[in-house]
Amino acid sequence: MFSTSRRDFLGVSGMGLIAGLAGAKGWAAAPPSERVRHAVIGTGGQGKRHAQVFSGFEDCQVVALCDVDPERRNSIAQRLERRSRVAVHEDYRRILDDPDVDCVSIATPDHWHAPIALAALQAGKHVYVEKPCAHNIHEAMLLAKASAASGKCIQHGTQGRSGAALQAAVIFLREGGLGKVRMAKAINHQHRKPIGRAPVSEPPEGVNYDLWLGPAPEHPFTRNRWHYNWHWFWDYGCGDIGNDGIHQIDQARWGLGVGLPKSVVALGGQLYYDDDHETPDTQTVLYEYDDCHLMYEMRLWTDYPLEGLDNGVIFYGDKGVLEFGRNGCVAKFIGGEEKHFGPYADIGDHVRNFLDCVKSGAPSDLYAPIDEGTVSTILCHLGNIATRVGRTLTIDPETGQCLGDKEATALYSRTYRKGYELPAVL
Ligand SMILES: NC(=O)c1ccc[n+]([C@@H]2O[C@H](COP(=O)([O-])OP(=O)(O)OC[C@H]3O[C@@H](n4cnc5c(N)ncnc54)[C@H](O)[C@@H]3O)[C@@H](O)[C@H]2O)c1
């Protein structure tokens with residue numbers, strides 16, 4: 001199933017620079033027949049960005065928005081409605097029922113990503129799904145299967161893959177520019193604030209909290225199990241390895257040209273903060289491959305830039321190192337010479353690539369197709385599972401199954417709340 005583990009990156013077509021947002025005139029400049037009709041599901045921090053970026057392209061019109069929080073969906077709709085009427089929904093199924101919607105982007109909490117993406121594919125929509133594309137490994141595998149059968153475009157929200165500098169640097173790595181590369185380190189370093197302890201309270205007025213919980217178990221509302229802070233609870237999020245860490249893990253895997261590992265070793269926990277967090281604030285994961293290692297290091301309590309990088313990836317070759325960081329992309333050779341590749345990626349490039357593929361009907365031209373997204377998502381979950389069970393996982397790299405560990409395998413899925421089971425995938 002995951003035999004794309006050494007996907008031929010150099011074979012991906014359309015490697016030229018993609019038009020970014022600069023100079024985009026907004027959808028009204030393109031005739032209606034040429035416009036992609038898009039809907040955004042989940043209008044929080046990232047969904048707001050989706051609405052801005054998608055509607056910033058002249059050949060795309062954001063026609064619908066959905067959020068279970070009326071304040072959020074209405075405030076974005078009001079901004080977009082300065083240009084055109086936007087349908088506003090509480091329930092994403094109303095968007096999927098609308099035959100005039102071509103594609104959807106999903107920027108809900110993680111526990112809703114795969115259920116909505118699977119339903120959207122069944123409704124015949126193209127999908128841009130935020131990372132991590134699934135809340136557990138079972139969902140990721142179902143999504144890969146459904147995507148292959150659908151013929152639709154499914155872009156994963158790992159926008160680093162649409163950056164021209166990173167694309168050039170990956171080609172440089174694959175062509176041996178750094179010699180033999182046997183190790184990459186994915187670094188996630190940042191100073192996150194403590195979230196404190198939030199008591200049980202009433203959900204804000206007008207919010208459909210039952211729909212927000214969806215497949216997750218019933219739990220009384222607290223301000224911490226809600227907008228943004230849900231990332232730190234296993235029922236809804238995946239910790240920071242699945243939040244920011246997935247960008248670095250995805251890029252490290254891309255540069256190394258590897259898929260699923262053969263074993264995973266991890267340590268982690270809440271070593272710094274004393275608050276409602278369930279997920280680790282400190283985590284180290286090592287993924288073993290036949291001829292290289294991928295290491296993930298996470299510390300959420302310091303701004304100290306590890307090896308000069310805050311969030312980024314370092315590839316170690318026998319001729320030097322290559323750094324992908326927010327400050328740019330540079331190779332540093334033994335002896336002091338440097339080769340600079342340019343700035344980091346922008347989400348506008350990623351959305352542009354998605355829209356181009358939707359319009360041309362060519363999912364194979366996506367820069368972050370879901371079969372790659374599911375592998376990176378699975379790596380994050382394997383890191384969390386190894387952390388939680390506290391021992392080395394042995395993995396079949398072809399199937400992703402965990403060998404000889406029932407406790408770890410049980411964490412590959414979840415119990416779905418009645419009425420919120422996953423759609424059947426044939
Ligand atoms: N690619 C990136 O760089 C990037 C950056 C930030 C966030 N993200 C991803 O975007 C997603 C959202 O993150 P966020 O920070 O915006 O979170 P958020 O909590 O601010 O927003 C999520 C929104 O989804 C809504 N929602 C919940 N269930 C829903 C449902 N069933 N239907 C419709 N709306 C629903 C919530 O009410 C909320 O407004 C996360 O998965 C995150 O990982 C990606």
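What volume does the largest pocket have? About 860 Å³. Keep in mind on this tour that the model is predicted.

**Stop 1: the pocket**

Start by selecting the residues closest to the centre of the largest pocket: Gly45, Gln46, Ala107, Glu130 and His231. They belong to a lining of 43 residues. Now colour by secondary structure. Helices H1, H4 (113-122), H7 and H8 (245-256) are the elements that each give two or more residues to this lining. If you prefer to colour by residue class, expect 16 nonpolar, 18 polar and nine charged residues along the lining.

**Stop 2: the ligand in its place**

Next, show the ligand. Which space does the ligand take? That space is the largest pocket, the one you have just looked at. Two elements give two or more residues to the shell around the ligand, namely helix H1 (45-55) and helix H7 (209-213).

Select the shell itself, and you will have 27 residues around the ligand. Of these, Asp67, Asp110, His113, Lys131 and Trp230 come nearest, so they are good ones to display as sticks. Sorted by class, the shell holds ten nonpolar, twelve polar and five charged residues.

**Stop 3: polar contacts**

Zoom in on Asp110, one of the nearest residues. A polar atom in the side chain of Asp110 sits 2.8 Å from an oxygen atom of the ligand. Turn to Trp112 next: an N or O atom of its side chain is 3.2 Å from a nitrogen atom of the ligand. Then pick His247, where a side-chain N or O atom lies 3.2 Å from an oxygen atom of the ligand.

With these contacts on screen, switch on the ligand surface. How much area does the ligand expose when taken alone? The value is 850 Å², and the protein buries 93% of that.

**Stop 4: two backbone details**

Go back to Lys131, which is among the residues that come nearest to the ligand, and follow the chain to Pro132. A cis peptide bond joins the pair, with omega at about -15°. Pro132 is part of the loop that runs between strand S5 (126-129) and helix H5 (137-150).

For the last selection, choose Tyr228. What is the phi of Tyr228? It is positive, at about 65°, although this residue is not a glycine. You will find Tyr228 in the loop between H7 and H8, two helices that also contribute to the pocket lining from the opening stop.

Definitions and conventions
Residues numbered from 1 in each chain as written. Predicted model: local features only at pLDDT ≥ 70, side-chain atom pairs only at ≥ 80, totals over all residues. Heavy atoms only, no water. Near = heavy atom within 4 Å. Polar contact = N/O pair within 3.5 Å; in protein donor to acceptor, adjacent residues only side chain to side chain. Areas by Shrake-Rupley, 256 points an atom, 1.4 Å probe, with all protein chains shown as cover. 1 Å grid on protein atoms, 1.4 Å probe; cavity = no way out; pocket = protein on both sides within 12 Å on 5 of 7 lines; lining within 4 Å. Sits in = over half its atoms within 2 Å of the grid points. Helix = DSSP H or I, 4+ residues; strand = E, 2+ residues; numbered from the N terminus. Nonpolar A, V, L, I, M, F, W, Y, C, P; charged D, E, K, R; others polar. Points joined across faces, edges and corners; volume = space filled by probe spheres on them.
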